[in-house]
Amino acid sequence: MEIKKVGVVGCGVMGSGIAQLCAQSGYQVVVSEINDELLNKGLASIEKILARGVEKGRLSQQDKDATLGRIKGTTNTKDFSDRDLMIEVAIESMDLKKKIFAELDEICPKDAILATNTSCLSIIDMAVSTRRPDKVLGLHFFNPAPVMKLLEIVRTIATSDETIEVSKKFGESVGKTTVIAPDKPGFIVNRLWIPYELHAIRLLEDGVASREDIDNAVMMGLNYPMGPLALVDLTGLDVLLFVANAIYERLKDPRYIPPTLLEKMVAAGWLGRKTGKGFYDYK
Ligand SMILES: NC(=O)c1ccc[n+]([C@@H]2O[C@H](COP(=O)([O-])OP(=O)(O)OC[C@H]3O[C@@H](n4cnc5c(N)ncnc54)[C@H](O)[C@@H]3O)[C@@H](O)[C@H]2O)c1
């Protein structure tokens, strides 16, 4: 089986990036939202990013127009009836995702692959709401999807070898390095990254070192491009807290318990760059 037509459910931060990436890689893309306002917002964000690419000379006007020409927005899920691959990128809610999977199972061709971009929910739980659990898997992209090089391909106990193979080829065709991860909380990246981030925040909380010294130590001593505190300011302290809690909830591993400082900062609305204040000030 070869993927030619891709469908994306949800045109928020990740969905718009994934739709853009697929269209830029030559796929015909249909992307959906719950209403016209959110759809237009998502499509406008793709247009803006591509326009910036043209301005900066990274992309030709012709490529921008061709990419946009391959993306069709919709609020009608029936438009997914001819898709080879569906990527669900709605908000992180199991009830919603199960509902979407059941609906896609009804609408999409019976050999279509149904994927989710979930960060920490159990994928087999979504797969069993379809009649094709062997064709269900996780395709976990990173933010921003058109830029980040990794794609975690998440295999459930029911995913077939063929689904994995086709998905790997698809991932490579959109320029990603693929890794196979198990359907377990955090997959590979978050399983490693979350305890690392929480530990850095604990060092600050315990007064072991200043924020600058923690970040500089990691950057200069480990050759990481960013320190952990500057990085979490970029991704959002609320996102870290949410994912840490979600993984802890399922693994009960104390390494994922959020430090009090993180909880307090989120309660104060200090979420990082997006609110102008996190571990550093951005105002
Ligand atoms: N933001 C990240 O860095 C990141 C990274 C990797 C994975 N994820 C995962 O990707 C998913 C989406 O995250 P996001 O940050 O893009 O969220 P988001 O809130 O920006 O976007 C989700 C969008 O889905 C839409 N939506 C909800 N129900 C829908 C439906 N039935 N049909 C169509 N659209 C629907 C919402 O209106 C919203 O615009 C989540 O599962 C999240 O865990 C996020």
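**Exercise 1. Find out in which sense β2 and β3 pair, and over how many bridges.**

Step 1. Follow the two strands in this predicted model: β2 and β3 run in the parallel sense, and four bridges join them.
Step 2. Pick one bridge as a check: V30 has K72 in β3 as its partner.
Step 3. Keep the general rule in mind: strands of a sheet pair through backbone hydrogen bonds, in either a parallel or an antiparallel way.

**Exercise 2. Work out which side chains of β3 are buried and which are not.**

Step 1. Start from the general pattern: in a regular strand, side chains alternate between the two faces of the sheet.
Step 2. Now look at β3 itself: I71 and G73 point to one face, and these residues are buried.
Step 3. Turn to the other face: K72 and T74 point there and are not buried.

**Exercise 3. Put the strands of the sheet in order and name its edges.**

Step 1. Walk across the sheet, which is open and has eight strands: the order is β3-β2-β1-β4-β5-β6-β7-β8.
Step 2. Look for strands that pair on one side only: these are the edge strands, β3 (71-74) and β8 (177-182).
Step 3. Add the twist, which averages 25° from one strand to the next.
Step 4. Compare senses, since the pairing is mixed. β1 and β2 run parallel, joined by five bridges, and V8 has V31 in β2 as its bridge partner. Strands β6 (residues 136-141) and β7 (residues 150-155), in contrast, pair in the antiparallel sense over four bridges. There, G138 is partnered by V154 in β7.
Step 5. See what covers the sheet: α1 packs on it and touches β1 (5-9), β2 (28-32), β3, β4 (85-88) and β6. The direction of α1 makes about 165° with that of β2.
Step 6. Check β1 for burial: four of its five residues are buried, leaving the strand mostly covered.

**Exercise 4. Describe the shell around the ligand.**

Step 1. Count the residues that surround the ligand: there are 21.
Step 2. Name the closest ones: G10, G12, M14, S119 and N143.
Step 3. Ask which helices take part. Both α1 (13-24) and α4 (94-107) supply at least two residues of the shell, and α1 gives the most, with three residues.
Step 4. Sort the shell by class: 11 residues are nonpolar, eight are polar and two are charged.

**Exercise 5. Decide whether I107 is buried, partly exposed or exposed, and find its contacts.**

Step 1. Locate the residue: I107 sits in helix α4.
Step 2. Count neighbours. A residue needs 20 or more C-beta neighbours within 10 Å to be buried, and 12 or fewer make it exposed. I107 has 17 inside 10 Å, so I107 counts as partly exposed.
Step 3. List its contacts, leaving out residues up to four places away in sequence: I107 touches T77, K78, F80 and S81.
Step 4. Take T77 as an example: I107 and T77 are 30 residues apart in sequence, yet 7.7 Å apart in space, C-alpha to C-alpha.

**Exercise 6. Describe how α7 and α10 meet.**

Step 1. Follow the axes of α7 (residues 189-205) and α10 (residues 237-251): they come within 10 Å and cross at roughly 115°.
Step 2. Give the hand of the crossing: α7 passes α10 in a left-handed way.
Step 3. Name the residues on each side: α7 brings N190, I194, E197 and L198, while α10 brings L240, V243, A244 and I247.
Step 4. Sort these contact residues by class: six are nonpolar, one is polar and one is charged.

Definitions and conventions: Residues are numbered from 1 along each chain as its sequence is written. This is a predicted model: local features need pLDDT of at least 70, side-chain atom pairs count only at pLDDT 80 or more; totals for chains, interfaces and linings use all residues. A residue is near a molecule or strand if its C-beta atom, placed from the backbone, lies within 6 Å of it. Ala, Val, Leu, Ile, Met, Phe, Trp, Tyr, Cys and Pro count as nonpolar, Asp, Glu, Lys and Arg as charged, and the others, Gly among them, as polar. Axes are lines fitted to C-alpha atoms, for helices over the stretch in contact, and angles run from 0 to 180 degrees between N-to-C directions. A crossing is left-handed if the near helix is turned anticlockwise from the far one by less than a right angle, and right-handed if clockwise. Two residues are in contact if their C-beta atoms, placed from the backbone, lie within 7 Å. Two strands pair if DSSP finds at least two bridges between them.
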